Amino acid sequence: MRRARRQTVTPAGLMLVVLGFLALTFIVLLPARAGAAYLDGSGSASLENSPVQPTAPADPASGGNSSGDASSSAVSSGGGIGIPGFPTISRVLCLKQCVSSTKPTRGAIIALRGDNLDRVTRVFFTAKKGRVAVKLRTRSRGAVRVTVPGKAVRGFVAVVDSSGNRTRTANQLRIFPISAIPIQVFPVRGPISFGSSGSRFGAGRPGHIHQGQDVSASCGTRLVSIRKAKVLYNRWDGGGGNYVVLHNIGTRTNFVYMHMIRRSPLKVGQVIGAGTQVGRVGNTGQSSGCHLHFEYWIGPWQTGGRPIDPLAFLRSLLK
Ligand SMILES: [Zn+2]
């Protein structure tokens with residue numbers, strides 16, 4: 001009898017050990033599974049399609065590498081089994097209410113670009129006393145967008161993801177007052193020439209007179225809005241090539257940009273601020289060389305208004 005009992009007890013004990021081990025495994029793995037599910041759920045929708053093109057000038061705020069946090073910059077491409085990578089920030093871009101693409105104001109919308117940002121839950125700005133947290137406007141793997149809070153002062157911007165991983169900008173971000181936003185800027189963002197008499201307003205052209213000023217620049221040079229404006233037209237035709245007509249909000253005047261290298265990314269009806277990219281210098285339509293054909297209209301373009309000589313105005317923007 002004793003031998004028989006010992007034989008039946010042993011397998012039961014083994015079962016208990018196995019069950020205990022399974023339960024332990026389940027408990028240990030549970031948090032990791034929950035984390036992975038969250039990542040899958042949030043990683044699909046990419047909202048990052050900013051029309052703002054990054055520009056070359058290096059601002060302290062847009063350093064190339066996130067060296068502020070050695071642990072985070074080292075591990076960015078975690079290709080393992082469901083283990084999410086650490087967030088990194090490589091660049092800060094100002095999208096709206098900006099002094100320039102690297103100089104935000106309080107209330108500006110900025111994009112923090114980098115990698116593994118799709119699990120970021122909060123962004124912290126430096127404030128006079130400690131830090132201030134803001135919610136995200138949009139989030140994708142490559143970028144998060146936030147509004148610069150009113151209490152923000154110059155300092156690092158940090159992000160924290162749902163696992164508690166954190167990183168910050170490589171450099172301190174300067175926050176500018178709204179008064180620093182330029183009201184008007186020169187439309188061509190690179191070396192230019194106003195050419196000779198043939199480039200002038202009123203110069204002879206086959207069948208008509210020249211209704212604008214030609215501004216020579218390398219093809220591909222960025223073209224930006226001179227001031228706050230509404231996009232009236234974004235079109236192509238055989239004469240002007242790719243062109244846009246911008247209505248200057250609060251005035252009766254309109255500006256025209258012609259011969260752009262490709263269609264403008266702007267949408268008709270869109271309101272843009274001074275310095276917003278309109279397109280790039282090109283040589284499309286009736287054009288023999290890379291240049292911006294610029295027109296300044298008082299009143300409606302082509303429908304009752306009249307063009308004026310814009311050269312003095314353009315020169316004033318260069319001062
Ligand atoms: Zn022209």
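**Exercise 1.** In this predicted model, find the bridge partner of Arg122 in S7.

*Solution.*
Step 1. Place the strands: S3 covers residues 120–126 and runs antiparallel to S7, with four bridges joining the two.
Step 2. Read across from Arg122: its bridge partner in S7 is Val160.

**Exercise 2.** Continue from Val160 into S8, and state which residue stands opposite.

*Solution.*
Step 1. S7 spans residues 158–161, and three bridges join S7 to S8 in the antiparallel sense.
Step 2. Opposite Val160 stands Arg166 of S8.
Step 3. Take a second pair: Ala158 has Arg168 as its bridge partner in S8.
Step 4. Look at the turn. Four residues lie between the strands of the S7 and S8 hairpin, and Gly164 there takes a positive phi near 90°.

**Exercise 3.** Give the strand order of the sheet that holds S3 and S7, and name its edge strands.

*Solution.*
Step 1. The order is S4-S3-S7-S8, in an open sheet of four strands with antiparallel pairing.
Step 2. S4 (131–134) and S8 (166–168) are the edges, since each pairs on one side only.
Step 3. Add the twist: neighbouring strands of this sheet are turned against each other by 25° on average, direction ignored.

**Exercise 4.** Work out the strand order of the sheet that contains S2 and S6, and locate a residue pair between these two strands.

*Solution.*
Step 1. Four strands form this open, antiparallel sheet, in the order S1-S2-S6-S5.
Step 2. Its edges are S1 (88–100) and S5 (138–139), each paired on one side only.
Step 3. S2 (residues 103–115) and S6 (residues 143–147) pair over five bridges in the antiparallel sense.
Step 4. For a residue pair, take Arg113, which stands opposite Ala143 in S6.

**Exercise 5.** Is Gly212 buried or exposed? Also find which residues Gly212 contacts beyond its sequence neighbours.

*Solution.*
Step 1. Locate the residue: Gly212 sits in the loop between S10 (208–209) and S11 (213–216).
Step 2. Count the surroundings: 26 other C-beta atoms lie within 10 Å of Gly212.
Step 3. Apply the cut-off: a residue with 20 or more such atoms is buried. Gly212 is therefore buried.
Step 4. List the contacts. Leaving aside neighbours within four places in sequence, Gly212 is in contact with Phe201, Val256, His293, Phe294, Glu295, Pro307 and Pro310.
Step 5. Check one of these for separation: Phe294 is 82 residues from Gly212 in sequence, yet their C-alpha atoms are 5.3 Å apart in space.

Technical notes
Residues numbered from 1 in each chain as written. Predicted model: local features only at pLDDT ≥ 70, side-chain atom pairs only at ≥ 80, totals over all residues. Pairing = 2+ DSSP bridges. Axes fitted to C-alpha atoms, helices over the stretch in contact; angles between N-to-C directions. Buried ≥ 20, exposed ≤ 12 C-beta atoms within 10 Å, placed from the backbone. Contact = placed C-beta atoms within 7 Å.
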